[in-house]
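User: Please take a close look at one part of this model and describe what surrounds it. I would like one connected account rather than a list.

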Amino acid sequence: MSTLRELKSRIGSVASTQKTTSAMKMISSAKMRKATSQLQRLSPYRDMVQHVISHLLVTDQEFDSALIAEREVSSVALVVFGSDDGLCGAFNINIFKQLLATINDVRKQYGKDVKITIIPVGKKLTKAALKIAGDDLKVETTTLNTRSGGDELHDFTDMLKTRFLNKEYDDVELLYMHFKSTSKQIYTREQLLPVSYEALAEEVDASAANAPCLFEPDAAAIFDSVLPLHVRAMMQTVFTESAASEQAARVMAMQTASDNAGELLEALNLEYNKLRQQGITTELLDILGGQVKR
């Protein structure tokens, strides 16, 4: 049976843990708001790029670019975004499980002989991915991490684009958690390269057809210039979505930990009060017993 001193020590320890988790939740909430604000700031840039593409696609001209050229797929690069730090619940575990399922889907889609290269972003996923590396599954580490800036992300994107153009990769896909809300993040698989012409056409703004434009030097040259910007914008959005999802998962994990600590603290306080009351009752009985003997 626990003594009052032991219970008091445990109560102090749990109370300290609850304060720590509450503080970490506040920090993660601030980081999540920062990431969602970055997504909002990215929106005008993405909209402008899409606006230009919309005006180009409503013309009768057919466009040709190495970035939209589809070819037989024999090599696939899977860029998977996770976290560098822990304490974010099952965030990385869920992504890794989905990564394994995606690898199976890729093999079903392109055949068992397809070469798959996993490029994990984040120390946790890198560590997990290296454990499944083999002759038919290559894992390539990168210096890009969840704290990288815009320049590093652009260099990483350009590296993927160069390898695609050099035919090292025939297909480049992004795997990440799409930020829906604080309590909901959705695993998403998007094709970065080749850029899907059909997907671009689906996003065409209908109003572009009613506002004809003159293109200088010509529409094809502008299309070649704006397409890499579209790829960069897509990568930046995915990177920021993943960052927001990570912090949202950490907020929920810290909230759960804080709630559990609160429940445990309540139970310990109840046990402490019962034991203390029992001790007081025993002392009173001893005093009364002594008086009766006199």
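The part I have in mind is strand β4, followed by the cavity and a few single residues.

Analyst: This is a predicted model, and the account below starts with strand β4 before turning to the cavity and then to two residues in helices.

Strand β4 covers residues 171–181. Of its 11 residues, 8 are buried, so the strand is largely enclosed by the rest of the structure. The cut-off behind that count is a relative accessible area under 20%.

Two pairings of β4 can be described. Strand β1, residues 75–81, is joined to β4 by 5 bridges, and these two strands run parallel. Within the pairing of β1 with β4, V79 stands opposite L174. Strand β5, residues 184–193, is joined to β4 by 9 bridges, and here the direction is antiparallel. β4 and β5 make a hairpin, with 2 residues lying between them. In the pairing of β4 with β5, S181 stands opposite K184. β4 is thus bridged to β1 in parallel and to β5 in antiparallel fashion.

Next comes the cavity. The structure holds 1 cavity of 30 Å³ or more. The space in the largest cavity comes to about 50 Å³. Its lining is formed by F81, G82, V121, T146, F239, S242, A243 and E246. Among these lining residues is F81, and strand β1, the parallel partner of β4, spans residues 75–81. Helix α6 gives the most to the lining, with 4 residues. By character, the lining divides into 4 nonpolar residues, 3 polar and 1 charged.

G82, one of the lining residues, also leads to N92. N92 sits in helix α2, which spans residues 91–110. With a relative accessibility of 12%, N92 counts as buried, because the limit for that class is under 20%. Leaving aside residues up to four places away in sequence, N92 touches G82, S83, D85, K124 and L125. G82 therefore appears both among the contacts of N92 and in the lining of the largest cavity, where a lining residue has an atom within 4 Å of a cavity point.

The last residue is E271, which lies in helix α6, residues 219–293. Helix α6 is also the element that gives the most residues to the cavity lining. E271 has a relative accessibility of 37% and counts as partly exposed. Between the C-alpha atoms of E271 and D84 there are 40 Å, and along the chain the two are 187 residues apart.

Conventions:
Residues are numbered from 1 along each chain as its sequence is written. This is a predicted model: local features need pLDDT of at least 70, side-chain atom pairs count only at pLDDT 80 or more; totals for chains, interfaces and linings use all residues. Side-chain values use heavy atoms; hydrogens and water are left out. Buried means under 20% relative accessible area, exposed over 50%, partly exposed in between (1.4 Å probe, protein chains only). Two strands pair if DSSP finds at least two bridges between them. Contact means heavy atoms within 4.5 Å. On a 1 Å grid over the protein atoms alone, a cavity is a set of points where a 1.4 Å probe fits but cannot get out, and a pocket is an open set with protein on both sides within 12 Å along at least five of seven lines; lining residues have an atom within 4 Å of a point. Grid points are joined across faces, edges and corners, and a volume is the space filled by probe spheres set on the points. Ala, Val, Leu, Ile, Met, Phe, Trp, Tyr, Cys and Pro count as nonpolar, Asp, Glu, Lys and Arg as charged, and the others, Gly among them, as polar.
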